[in-house]
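Here is a short tour for someone who likes to look at side chains. Keep the viewer open and follow along.

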Number of protein chains: 2
Amino acid sequence: MSNEQVRMTLGEVRDYARATLTRVGLAPAHVEAVAETIVAGERDGCGAHGLYRLLVAAHSVATGVVVPDAVPVLEQRASGVVRVDGKGGFAQLAFETGRDALVAAARANGIAALAINNVVHFAALWPEIEALVERGLVALAVTPNHAWVAPAGGTQPVFGTNPIAFGWPREGAAPFVFDFATSAVARGEIELHRRAGKPVPDDWGHAPDGSDTTDAAAVLAGAMRTFGGHKGSALALMVELLAGPLIGDMTSAESIAWDAGRKGSPLGGELIIALDPAGFLGDAAAEQMARAETVFAAIEGQGARVSGSRRHALRPVSEREGVVVSRALLRDIDDVTKEKA
Amino acid sequence: MSNEQVRMTLGEVRDYARATLTRVGLAPAHVEAVAETIVAGERDGCGAHGLYRLLVAAHSVATGVVVPDAVPVLEQRASGVVRVDGKGGFAQLAFETGRDALVAAARANGIAALAINNVVHFAALWPEIEALVERGLVALAVTPNHAWVAPAGGTQPVFGTNPIAFGWPREGAAPFVFDFATSAVARGEIELHRRAGKPVPDDWGHAPDGSDTTDAAAVLAGAMRTFGGHKGSALALMVELLAGPLIGDMTSAESIAWDAGRKGSPLGGELIIALDPAGFLGDAAAEQMARAETVFAAIEGQGARVSGSRRHALRPVSEREGVVVSRALLRDIDDVTKEKA
C-alpha cells in the first residue's frame, strides 16, 4: 500500500458512500440501496463498481439524468409477472421494491419474472442475482443500456453492452454467478486505452465510417463489437428485446437518444427471471441440486474457474482487513460532490 | 442438380421419412413427430437436421439407445411448471405432449417452463421454439448432450455442445429465432475435417493430453472448446445446470457415461421457458412488440442479418419447388434401414 492509498473498513466505505450520496441530494431510501451496491463492489474487488461509482451517481444527479427522490411503484401484472416502475430513479431501490414479490411469485408458480421499468442503471447485475440466489432461487437477469455495439455483419451501433447475469445456489459453497457484457470488452476498457494513448486490438470495434481500427477514440465514437461473433450478437439482440419491448421499455438506441449527449447512465428496463428448484423438483430438490456439484468438481478439478468464485474468496478478506482505496479517487469524489452540494 | 441428386417435394420427404421410421420400428406417434422435424430441416436448408437424421434415428433404435414406443407422461408440477417424462423416447413427441400445457401456463401466469425429462435428442431446438413463437410467445430453450467440451481454462470435457435457442414473434415477418451450440463449432464440423483429412484451426479444441492441436481426430478424442472464451464457457455451464440438475435430469457427463460407447444420441432433459407478451404488457402488447421492429430495421438496414431469416426465406421456395437430396444419402438410408427391418 503506497502513500497514495488508504485502507478503509467496509463500514467506513458504507458511511462514506452514504454521506456522499446524501450530499449530492439522493433521497434516503436511494442512499441506502445505492450505498450497499458500492460496498459490495469494493468488498468483492470490483473497483469499477465500488466507490468510483459515486462520481457517476453524482454526475447523474447533477445533469438531471436520474430522479433523486423517485418512489418505485410495485404492480402484480400476472401471477408470474411482477412489475416495478422505478419512476426514473436508480435501479437498486426499484429492485428492492420488487424483490420479495418476485421471490413469492417464483415460490408459488415455480418460475416468475420481475420487469423493472424506467430506472437509471449504473452498476452490475450480480448484486441483484445474488440477492435471489441467497433465497435459494436460480436467477437470470438482462438489461440493455446505450447503443454502442454493432451487430455481427454490421458496423453501426444498435445494441448496448447488454449484459447477461445468472446465478445458481450451492449448499456450503459460494454460488455460481456470472455477469458479463455481450460486447467484446467492457466500454471502460476502451476508455482506459484512450486515456493511456494505447491502441486497441483490431477486433474490438469499428470507426464511425465502418472501417476496422485500432484507435480507441475511433471505436468509442464508432461502434464496439459483440463477443463471440454472430452468437454473441444474437444474444445481444435477445437481451435488447427481453428487457426492452417485451417489458415496454427503451431500446439501447432510445436510451442514448434520450440521454442527448449528457453522458449520463442509461435509462431503461431490466428483466429478471427467477426459478424455484422446489417448483421443478418438489421434495427431491436438495438431492438433485447437489448433483450439480459433480459438474463444479469436474471444472475446478482441472484447474478451471467457476464464475463468481474469485469475488467470493475475496469477501472474508475484505470483511476482516478492509479494502484499499486510492486517495486520489476520494479527493476527486470530495471535490465533485462538494461542488454539487 | 447433378445425376447424383434428386428433387423431392416436401410431401415426398414426409412420406419417405415416415415409411423409413416405421420400418425401423418406431411407434406411429413418434413416426409422425420425428418426420415433421425432418421435413422442417430439409425445408429450411438444414441438411444436417433433415433426411440425414434418419440414419441417426435408425442407429438409435438398433442399438437400443431410444425406446421406440415410449409414451410420454405429462404432469403439472406447479402452476408455472409443466413436466413431461419422455420415458426414453425421442424428444419430439415429449415436446408435443407438453406444448399445449406450456402455452396455457404461460398465458395464465405470464411466464412458464416446460421440463422435458428422459428423452433422446437428435435434432435442433428451433422447431420447438418456432412452435411456441407461432402461438405468439417469446421462448428460450436449452439442453445438455454428451460431455465433449472443456470449460475455459481447462482441457478436459465437462459440457455438451449445450445449445441455446431463442425465438421472438414478429407481426408480418419471419420470427427472430436463433439456435446455436455453446461449443466453438459444431461437432459435425470437426468430423467433416477428420473425414477429409484436413487440419482444424488450433482454437477448436484440445488433444486428450490437454495440448493444443490441429488434428481433428485428436480433438474428437480430447475436448472441444466453447465459443467466446470464458463467457461462452459460463453459458455452457448455465445450460448444463438448467436442463440437468434443475429438472432432475442427466448432466452431459452422465449422458455419455450412460451411452457406454454406443455412439448413440444423447439422453437427458430439456428446459423451455415461454413468456407471454400479454402477461407483461396487457393491452399494450401489440404496440410494444411492434417497437422491436425498430431494432430489426437498424440491423437489417446496415446489411447485417437477423438469425432465422435465411431459413424462413428458403421456406416458400422449398414448398413451391421441393428440395434437392443426394441419391447416395437415400441409398445409405435404404440400405441401413432394410438391414434393421
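The report below goes through the chain-chain contact, some salt bridges, one helix and one serine.

**Where the chains meet**

Please keep in mind that this is a predicted model. How much area do chain A and chain B bury between them? The value is about 5400 Å², with 73% of it on carbon and sulfur atoms. Chain A brings 69 residues to this contact, and chain B brings 69 residues as well. On the chain A side, the residues that lose the most area to chain B are Lys231(A), Leu246(A) and Phe280(A), which together account for 14% of what that side buries.

There is polar chemistry here too: 18 residue pairs are in polar contact between chain A and chain B, counting pairs with both residues at pLDDT 80 or more. Helix H8 (residues 229-242) of chain A supplies the largest share of the side of chain A that touches chain B, namely nine residues. By type, the residues on that side are 44 nonpolar, 19 polar and six charged.

**Salt bridges across and within chains**

Over all chains, the count of salt bridges comes to 40. Between chain A and chain B the count is two. Three pairs are set out here for a look at their distances.

| Pair | Closest N to O |
|---|---|
| Arg291(B) and Glu254(A) | 2.6 Å |
| Asp44(B) and Arg43(B) | 2.8 Å |
| Arg170(B) and Glu293(B) | 2.8 Å |

Why does the pair of Arg291(B) and Glu254(A) join two chains? Arg291(B) lies in helix H11 (residues 285-300) of chain B, while Glu254(A) lies in helix H9 (residues 252-259) of chain A, so the bridge runs from one chain to the other. Arg291(B) has 18% relative accessibility and therefore counts as buried, the cut-off being under 20%. Glu254(A), with a relative accessible area of 28%, is partly exposed.

The pair within chain B formed by Arg170(B) and Glu293(B) has a long reach in sequence. Arg170(B) sits in the loop between strand S6 (164-168) and strand S7 (176-180), and Glu293(B) sits in helix H11, so their bridge ties together parts that are 123 residues apart in sequence. Arg170(B) is buried, at 16% relative accessible area, whereas Glu293(B) is partly exposed at 26%. In the remaining pair of the table, both Asp44(B) and Arg43(B) are buried.

Chain A has a network of salt bridges that links Arg43(A), Asp44(A), Glu130(A), Arg311(A) and Arg315(A).

**Helix H2 of chain A**

Arg43(A) also belongs to the buried residues of H2(A), so this helix deserves a visit of its own. Its 16 residues (28-43) should span 22 Å at 1.5 Å a residue, and the end C-alpha atoms are indeed 22 Å apart. Is H2(A) mostly covered or mostly open? Mostly covered: 12 of its 16 residues are buried, among them His30(A), Thr37(A) and Glu42(A). The buried residues pack against helices H1 (10-23), H3 (53-62), H4 (91-109), H5 (126-133) and H12 (309-321), and against strand S11 (323-326), of chain A. After H2(A) comes Gly45(A), with a positive phi near 75°.

**A serine in chain B**

Ser318(B) is part of helix H12 (residues 309-321) of chain B. Its relative accessibility is 4%, so Ser318(B) counts as buried. Which residues does Ser318(B) contact, leaving aside its neighbours within four places in sequence? They are Leu10(B), Glu42(B), Arg43(B) and Val323(B). Arg43(B) is the residue that also forms the salt bridge with Asp44(B).

Technical notes
Residues are numbered from 1 along each chain as its sequence is written. Chains are lettered from A and ligands numbered from 1 in the order in which they are written. This is a predicted model: local features need pLDDT of at least 70, side-chain atom pairs count only at pLDDT 80 or more; totals for chains, interfaces and linings use all residues. Side-chain values use heavy atoms; hydrogens and water are left out. Helices (H or I, at least four residues) and strands (E, at least two) are DSSP runs, numbered from the N terminus. The expected span of a helix is 1.5 Å times one less than its number of residues. Buried means under 20% relative accessible area, exposed over 50%, partly exposed in between (1.4 Å probe, protein chains only). Contact means heavy atoms within 4.5 Å. Buried area is the accessible area (1.4 Å probe) that two parts lose on being put together, summed over both. A salt bridge is a side-chain nitrogen of Lys or Arg within 4 Å of a carboxyl oxygen of Asp or Glu. A polar contact is a pair of N or O atoms within 3.5 Å; within protein, one must be able to donate a hydrogen and the other to accept it, and residues adjacent in sequence count only if both atoms are side-chain atoms. Ala, Val, Leu, Ile, Met, Phe, Trp, Tyr, Cys and Pro count as nonpolar, Asp, Glu, Lys and Arg as charged, and the others, Gly among them, as polar.
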